[in-house]
Amino acid sequence: MEKMASPLSILVCVSLVLLAAPCSSDAAAQSNGSFVDNFNIMWSEEHFKTSEDGQIWYLSLDKETGCGFQTKQRYRFGWFSMKLKLVGGDSAGVVTAYYMCSDDGAGPERDELDFEFLGNRSGQPYLIQTNVYKNGTGGREMRHMLWFDPTEDFHTYSILWNNHQIVFFADKVPIRVYKNNGEANNFFPNEKPMYLFSSIWNADDWATRGGLEKTNWTKAPFVSTYTDFGFDGCRWEDPYPACVSTTTQNWWDQYSAWHLSDDQKTDYAWVQRNLVIYDYCQDNKRFPTLPWECSLSPWD
């Protein structure tokens, strides 16, 4: 019988390959000021702290509540990035969310682009879930393992969003590519400007092993840490900002940003082969007829 490689050994091998690969994105957003310059606390201000210089931000979760923040500005298209260090140790049931959303109250017609980091029992790999909503409809989940320990140090998580594709990055490595078809449709969010949010909250009814692993409150408070928010995008101004109609003047919506580069395709292929845990486009039991967007190739 062939011996199967363990998830940990796969992660080690993939990390070596990705570390040796060329940087998969030449673009990097510059840090754009302090927390107070860019964000407001959404709830539970007593669960939010900063470093003395205001450049590192801490969100905590206890049995009473979590915490969250959102940008003061909305954006339509661009490059958005943040460095996060996730909750260490036994974090089962805990979700750290980092996402963009058109509504500040999760309205029923919202557009949304999600990173969700799903906590684990000590020693198990962290999982990262991404999702895309258009007009309130999501259900487009993918889950990946990561090739590094996201609790030991800061790692950069980024979203490239233009009218042609949405790409989710971890340390500049594309882990998910979500394409548009160039026509009016019900799956690609491209009409509504979005805020950027982050939060930490208890989701032990589903987050870890489908809800089998519950949050161990003796380990609270659970703390996620943030720094270096950066963006290069179109700030929304009512009724309509000029940059939306002239986006090709910006690198994030020029031809080279409409598809993956050759180096990015190499990295993306490794991720697809080794780190994908779940892809809704492969779930024929859930979707006997796959959603239309699943027919679009991420390689184009």
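This report looks at the nonpolar cores and the salt bridges of the structure above, which is a predicted model.

Let's start with the inside. The largest nonpolar core has 63 residues, and Trp57, Met82, Leu113, Phe115, Phe117, Tyr157 and Trp161 touch the most other members. Strand S5 (residues 75-85) gives the most to this core, chipping in six residues. There's also a second, separate core of five residues, with Ala97, Tyr99, Tyr195 and Phe197 among them.

Now for the charged side chains. Side chains of opposite charge can pair when their charged atoms come close. Here you'll find nine salt bridges, including these:

| Salt bridge | N to O distance |
|---|---|
| Asp228 and Lys83 | 3.3 Å |
| Arg121 and Glu213 | 2.6 Å |
| Glu293 and Arg140 | 2.9 Å |

Take Asp228 and Lys83, which meet in a salt bridge. Asp228 sits in strand S14 (residues 222-235) and Lys83 in strand S5, so the pair ties together parts that are 145 residues apart in sequence. Asp228 counts as partly exposed because its relative accessibility is 30%, and Lys83 is partly exposed too, with a relative accessible area of 30%.

What about Arg121 and Glu213, which also meet in a salt bridge? They link distant parts of the chain, 92 residues apart: Arg121 is in the loop between strands S7 and S8, and Glu213 is in the loop between S13 and S14. Arg121 is partly exposed at 23% relative accessible area, whereas Glu213 is buried at 16%.

Glu293 and Arg140 are both buried, and this pair links parts of the chain 153 residues apart. Finally, salt bridges with shared partners join Asp90, Arg121, Arg209 and Glu213 into one network.

Notes. Residues are numbered from 1 along each chain as its sequence is written. This is a predicted model: local features need pLDDT of at least 70, side-chain atom pairs count only at pLDDT 80 or more; totals for chains, interfaces and linings use all residues. Side-chain values use heavy atoms; hydrogens and water are left out. A nonpolar core is a set of buried Ala, Val, Leu, Ile, Met, Phe, Trp, Tyr and Cys residues joined through side-chain atoms within 4.5 Å. Buried means under 20% relative accessible area, exposed over 50%, partly exposed in between (1.4 Å probe, protein chains only). Helices (H or I, at least four residues) and strands (E, at least two) are DSSP runs, numbered from the N terminus. A salt bridge is a side-chain nitrogen of Lys or Arg within 4 Å of a carboxyl oxygen of Asp or Glu.
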